[in-house]
Amino acid sequence: MQLQDILYSQGFGIRRVCSGLVQQGWVQVYEDGAAEPVQVTDSTQEYEPEGLRFRVQGVDWEYHEKGYALLYKPAGTECSQKPSAHPSIYTLLPAPLRQRPNKGAVQGLQAVGRLDQDTTGFLLLSDDGQFIHRMSSPKKHVPKVYRVTTKHPVTQTMVDKLLAGVVLDDDPKPVKAAACEIVEECVLDLTLTEGKYHQVKRMLAAVSNRVESLHRWKIGSLALPEDMKPGEWRWLSAQDLEKLR
């Protein structure tokens with residue numbers, strides 16, 4: 001694949017812009033496993049894209065045919081391209097992730113499901129439609145674990161009710177937690193396999209408690225890395241994807 005096409009596929013702009021980046025000396029390529037990249041000025045030079053590493057304007061990148069990333073969502077952000085009252089989570093991503101071309105769909109990586117503006121933690125992003133559907137569909141039963149801080153102490157009776165199922169005001173069918181564990185007096189880990197509107201807050205209200213803060217720290221068997229800080233993102237590895245499945 002020509003270098004300009006590789007850059008285009010990775011979100012560095014239209015092909016004319018990508019060609020200009022190369023011709024102006026802003027692109028270097030790690031050739032044959034070299035420790036340092038070599039500057040390339042011919043935008044039509046061809047490379048095997050899989051596993052290719054390159055540097056654009058001083059930042060190192062690796063080729064990804066499909067993008068899979070996680071974001072540590074901070075509080076006070078909205079999972080929307082057109083936020084209403086708070087900054088969008090997409091402003092936390094570098095331009096190439098927002099600009100990756102996607103046929104017949106919105107450009108760039110998209111959030112897999114949503115977290116409320118005051119909820120923090122693990123948010124998946126991808127431009128793979130099948131992956132997004134698989135991870136967000138209630139029928140797939142992908143477990144998501146939330147650390148819930150409550151206003152009142154959590155009792156075993158509350159836990160039992162959450163596990164047995166509570167009725168929300170818009171659905172007569174009881175909604176159950178897949179797992180529920182008391183962590184501290186006013187802290188519990190709640191595992192859900194579906195994602196209704198404000199589900200955790202409404203479930204806790206149904207057992208006469210109230211959510212003070214909410215943090216998603218695990219999806220599937222993949223936990224949010226402890227060394228990540230709010231607002232940071234990173235690519236998912238093949239091993240990470242296996243844990244999600």
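This is a guided tour of a predicted model, stop by stop, with what to select at each one.

Local features need pLDDT of at least 70 and side-chain atom pairs count only at pLDDT 80 or more, while totals for chains, interfaces and linings use all residues. Numbering runs from 1 along each chain as its sequence is written, and side-chain values use heavy atoms, with hydrogens and water left out.

**Stop 1: K144**

Select K144. It is found in strand β8, residues 144-150. Strands (E, at least two residues) and helices (H or I, at least four) are DSSP runs, numbered from the N terminus. K144 is buried but has no salt bridge. Buried means under 20% relative accessible area, exposed over 50%, and partly exposed in between, with a 1.4 Å probe and protein chains only. A salt bridge puts a side-chain nitrogen of Lys or Arg within 4 Å of a carboxyl oxygen of Asp or Glu.

How far away is the nearest side chain of opposite charge? That is E194, 10 Å from K144. For charge, Lys and Arg count as positive and Asp and Glu as negative; His and the chain ends are not counted.

Now show the backbone oxygens. That of M135 lies 3.2 Å from a polar atom of the K144 side chain. That of V142 lies 3.5 Å from a polar atom of this side chain. Contacts (heavy atoms within 4.5 Å) beyond four places in sequence include L190, T191, L192 and R216.

**Stop 2: D127**

Move to D127, in the loop between β7 (120-126) and α4 (129-136). D127 is buried, because its relative accessibility is 7%. Its side chain makes a polar contact with the side chain of R100 at 2.8 Å. A polar contact is a pair of N or O atoms within 3.5 Å; within protein, one must be able to donate a hydrogen and the other to accept it, and residues adjacent in sequence count only if both atoms are side-chain atoms. Add G67: its backbone nitrogen lies 2.7 Å from a polar atom of the D127 side chain. Leaving out residues up to four places away in sequence, D127 also touches K66, N102, G108 and L109, among others.

**Stop 3: the cores**

Select L7, F54, V148, L190 and V200. Of the 48 residues in the largest nonpolar core, these touch the most other members. Such a core is a set of buried Ala, Val, Leu, Ile, Met, Phe, Trp, Tyr and Cys residues joined through side-chain atoms within 4.5 Å. Beyond four places in sequence, L7 touches F12, C18, V22, V27, F54 and V56. A second, separate core of 17 residues includes L70, F122, L222 and L244.

Stay with C18, which is buried at 0% relative accessible area. C79 is buried too, at 6%. The structure holds zero disulfides (cysteine sulfur pairs within 2.5 Å).

**Stop 4: salt bridges**

How many salt bridges does a search of the whole structure find? Ten.

Start with D5 and R15, whose closest N and O atoms are 2.8 Å apart. D5 lies in helix α1 (residues 3-9) and R15 in helix α2 (residues 15-23), so the pair ties together parts ten residues apart in sequence. D5 is partly exposed at 21%, and R15 is partly exposed at 42%.

Next, select K201 and D118, with closest N and O atoms 3.1 Å apart. K201 lies in helix α6 (residues 199-206) and D118 in the loop between β6 (110-111) and β7, so this pair ties together parts 83 residues apart in sequence. Add D116: salt bridges that share partners join D116, D118 and K201 into one network.

Finish at R210 and E212, which meet in a salt bridge at 3.7 Å, N to O. E212 is partly exposed, with a relative accessible area of 48%.
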